[in-house]
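Hi,

Here is the structure I promised to pass along. Have a look at it first, then read on for what turned up in it.

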Amino acid sequence: VYFRKVKISGDGVKPLVLSEFGGKTYKAEGHIFNPEKSYGYGGCDSLENLNKAVAALYMDEVVPCVKKGLCGAIYTQVSDVEDEINGFLTYDRAVCKGDVPSMVAIAQELQKELEE
């Protein structure tokens, strides 16, 4: 799910997995495989804005799906892969784009949703 909102319809009993979503991008200058041709699914002009966009995506679209049975969600992707720059790590693995406080807050919200 990249160009539309995450929508999951479930009964809250059967487990559901969101197999691929996200794709927010940030160009970490000097750490891009191909600066002339890079792509992703939602450009951010700073690391701060990238982390805000990822957090908003989780809080607004993923967390609400837990009650419907969502038990797994795979964010694309762990690292940039050649021209695709939507990873949490740069192509050379030198820069981590996701910040710890944002990721912890997301994990806490997911856990809270499971416990309610």
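Glu 109 and Lys 112 pair up through their side chains in a salt bridge, 3.2 Å from N to O. By salt bridge I mean a side-chain nitrogen of Lys or Arg within 4 Å of a carboxyl oxygen of Asp or Glu. Both residues sit in helix α2, three residues apart, which is about one turn of the helix. Glu 109 counts as partly exposed at 26% relative accessibility, and Lys 112 is partly exposed too, with a relative accessible area of 40%. (Buried is under 20% relative accessible area, exposed is over 50%, and partly exposed is in between, using a 1.4 Å probe and protein chains only.) Lys 112 also has its C-alpha atom 15 Å from that of Lys 68, with the two positions 44 residues apart along the chain.

Before going further, the background: this is a predicted model, so local features need pLDDT of at least 70 and side-chain atom pairs count only at pLDDT 80 or more, while totals for chains, interfaces and linings use all residues. Residues are numbered from 1 along each chain as its sequence is written, and side-chain values use heavy atoms, with hydrogens and water left out. Helices (H or I, at least four residues) and strands (E, at least two) are DSSP runs, numbered from the N terminus.

Back to the charges. The structure holds four salt bridges. One of them joins the side chains of Lys 5 and Glu 61, at 3.9 Å from N to O. This pair links distant parts of the chain, 56 residues apart: Lys 5 is in the segment before β1 (16–22), and Glu 61 is in helix α1. The two ends sit in contrasting surroundings, as Lys 5 counts as exposed at 52% relative accessibility, whereas Glu 61 is buried at 14% relative accessible area.

Another salt bridge connects the side chains of Glu 48 and Lys 52, 3.2 Å from N to O. Both lie in helix α1, four residues apart, or about one turn of the helix. Glu 48 and Lys 52 are exposed.

Now, how do the two helices sit against each other? Helix α1 (residues 47–62) packs with α2 at an angle of about 5°, and the axes are 10 Å apart. That makes α1 roughly parallel to α2. For the record, axes are lines fitted to C-alpha atoms, for helices over the stretch in contact, and angles run from 0 to 180 degrees between N-to-C directions. Angles under 35 degrees count as roughly parallel, over 145 as roughly antiparallel, 65 to 115 as roughly perpendicular, and the rest as oblique. On the α1 side the residues that meet α2 are Asn 51, Val 54, Ala 55, Tyr 58, Met 59 and Val 62. Their partners in α2 are Ser 102, Met 103, Ala 105, Ile 106, Glu 109 and Leu 110, where contact means heavy atoms within 4.5 Å.

The loop between β4 (70–76) and α2 (100–115) is worth a look, and Glu 84 is placed there. Which side chain of opposite charge is nearest to Glu 84? That is Lys 97, 10 Å away, and Glu 84 is buried yet has no salt bridge. (Lys and Arg count as positive and Asp and Glu as negative; His and the chain ends are not counted.) The side chain of Glu 84 does make a polar contact of 3.3 Å with that of Asn 86. A polar contact is a pair of N or O atoms within 3.5 Å; within protein, one must be able to donate a hydrogen and the other to accept it, and residues adjacent in sequence count only if both atoms are side-chain atoms. Leaving out residues up to four places away in sequence, Glu 84 touches Tyr 39, Tyr 41, Thr 76 and Gln 77.

Some backbone oddities turn up here as well. The peptide bond from Thr 76 to Gln 77 is cis, with omega near 0°, and Gln 77 belongs to the loop between β4 and α2. Glu 82 has a positive phi of about 50° although it is not a glycine; it lies in the loop between β4 and α2. Arg 93 has a positive phi of about 65°, and it is not a glycine either.

Cheers
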